[in-house]
Amino acid sequence: MSDHRLLTTREPWASAIIFGDKDTENRSQGFPKNFRGPQWIHTSKAWSHRGAFDPRIRATFDGTPRGYAVRHETAHRGQPPHPFRGGMVIGRVEVEDIHPAAGCCDPWGEESYPPANREARPPG
């Protein structure tokens, strides 16, 4: 693994990249523009409430154990529910392109990522 890069992202986004159909990762900084090739996906120990309530994530995992976990994530008090695991490498992808968001890469491409807002977070 030492000759490859590692990208850490929160669940359930990381699982959507490896086990679902999420083929676009949104980053505002910290990614070399000329990087191409293998990329290991590492799960953060933090859970994304925004991801759990995102309709694309729910559609990706609907009818699976991960779908059940996403629908019931508030019972886990901010921790990744089973079968999501934090703090581990879960797979590898090939980076094909890196570019600024330009209204492309639907449905996963986003022009901007909303700032963290604890008051706007779903209950739980």
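This report walks through a predicted model of a single chain, from its overall layout to a few residues worth a look.

**Overall layout**

Let us start with the chain as a whole. Four helices and three strands make up its secondary structure, and along the sequence they follow the pattern β-α-β-α-α-α-β. Of the 124 residues in the chain, 32% are buried. The accessible surface comes to about 7,900 Å², and carbon and sulfur atoms account for 51% of this surface. Contacts across the sequence are also worth a glance: among those between residues at least 6 apart, 79% join residues at least 24 apart.

**The sheet**

The three strands come together in an open sheet with the order β1-β2-β3, and the pairing is mixed. Strands β1 (5-11) and β3 (89-95) stand at the edges; each has a single partner strand, so one side of each is left without a neighbour in the sheet. On average, and with direction ignored, neighbouring strands in this sheet are turned by 35° against each other.

How do the strands β1 and β2 run, and how many bridges join them? They run parallel, and six bridges hold the pairing together on paper. One of the bridge pairs to find on screen is Thr9 with its partner Thr43 in β2. On the other side, β2 (residues 37-47) and β3 run antiparallel, again joined by six bridges. Here Gly37 stands opposite Val95 in β3, and Pro38 has Glu94 in β3 as its bridge partner.

Ala46 is a handy residue for exploring strand β2, where it lies. Its relative accessible area is 25%, so Ala46 counts as partly exposed. Leaving aside residues up to four places away in sequence, Ala46 touches Arg10 and Glu11. Ala46 can also be paired with Gly86: the two are 40 residues apart in sequence, and their C-alpha atoms are 6.9 Å apart in space.

**The tryptophan pair**

Next comes the aromatic side of the model. A pair of aromatic rings is described by the distance of the centres and the angle of the planes. The structure holds one aromatic pair. Trp13 and Trp108 form this pair in an edge-to-face arrangement, with 6.4 Å from centre to centre and 85° between the planes. Distant parts of the chain are linked in this way: Trp13 belongs to helix α1 (residues 13-18), Trp108 to the segment after β3, and 95 residues separate them.

Are these two rings' residues buried or exposed? Trp13 is buried, at a relative accessible area of 8%, and Trp108 is buried too, at 2%.

**Around Trp13**

Trp13 has further company. Ser48, in the loop between β2 and α2 (49-52), has a side chain joined to that of Trp13 by a polar contact of 3.0 Å. With 3% relative accessibility, Ser48 counts as buried. Arg50 is found in helix α2, and its relative accessible area of 29% makes Arg50 partly exposed. Along the chain, Arg50 and Trp13 are 37 residues apart, while their C-alpha atoms are separated by 9.7 Å.

The accessibility values of the residues discussed here can be set side by side:

| Residue | Relative accessible area | Class |
|---|---|---|
| Trp13 | 8% | buried |
| Trp108 | 2% | buried |
| Ser48 | 3% | buried |
| Arg50 | 29% | partly exposed |
| Ala46 | 25% | partly exposed |

What sets the classes apart is a cut-off: buried means under 20% relative accessible area, so Ala46 at 25% falls outside that class.

**Two cis peptide bonds**

Finally, have a look at the backbone before two prolines. Where does Pro12 lie? Pro12 sits in the loop between β1 and α1, and the peptide bond leading to Pro12 from Glu11 is cis, with omega near 5°. Asp106 and Pro107 are likewise joined by a cis peptide bond, with omega of about 5°. Pro107 has its place in the segment after β3, the segment that also holds Trp108.

Notes: Residues numbered from 1 in each chain as written. Predicted model: local features only at pLDDT ≥ 70, side-chain atom pairs only at ≥ 80, totals over all residues. Heavy atoms only, no water. Pairing = 2+ DSSP bridges. Axes fitted to C-alpha atoms, helices over the stretch in contact; angles between N-to-C directions. Phe/Tyr/Trp six-rings, centres within 6.5 Å; stacked < 30°, edge-to-face > 60°. Buried < 20%, exposed > 50% of the residue type's maximum accessible area, 1.4 Å probe, protein only. Polar contact = N/O pair within 3.5 Å; in protein donor to acceptor, adjacent residues only side chain to side chain. Contact = heavy atoms within 4.5 Å. Areas by Shrake-Rupley, 256 points an atom, 1.4 Å probe, with all protein chains shown as cover.
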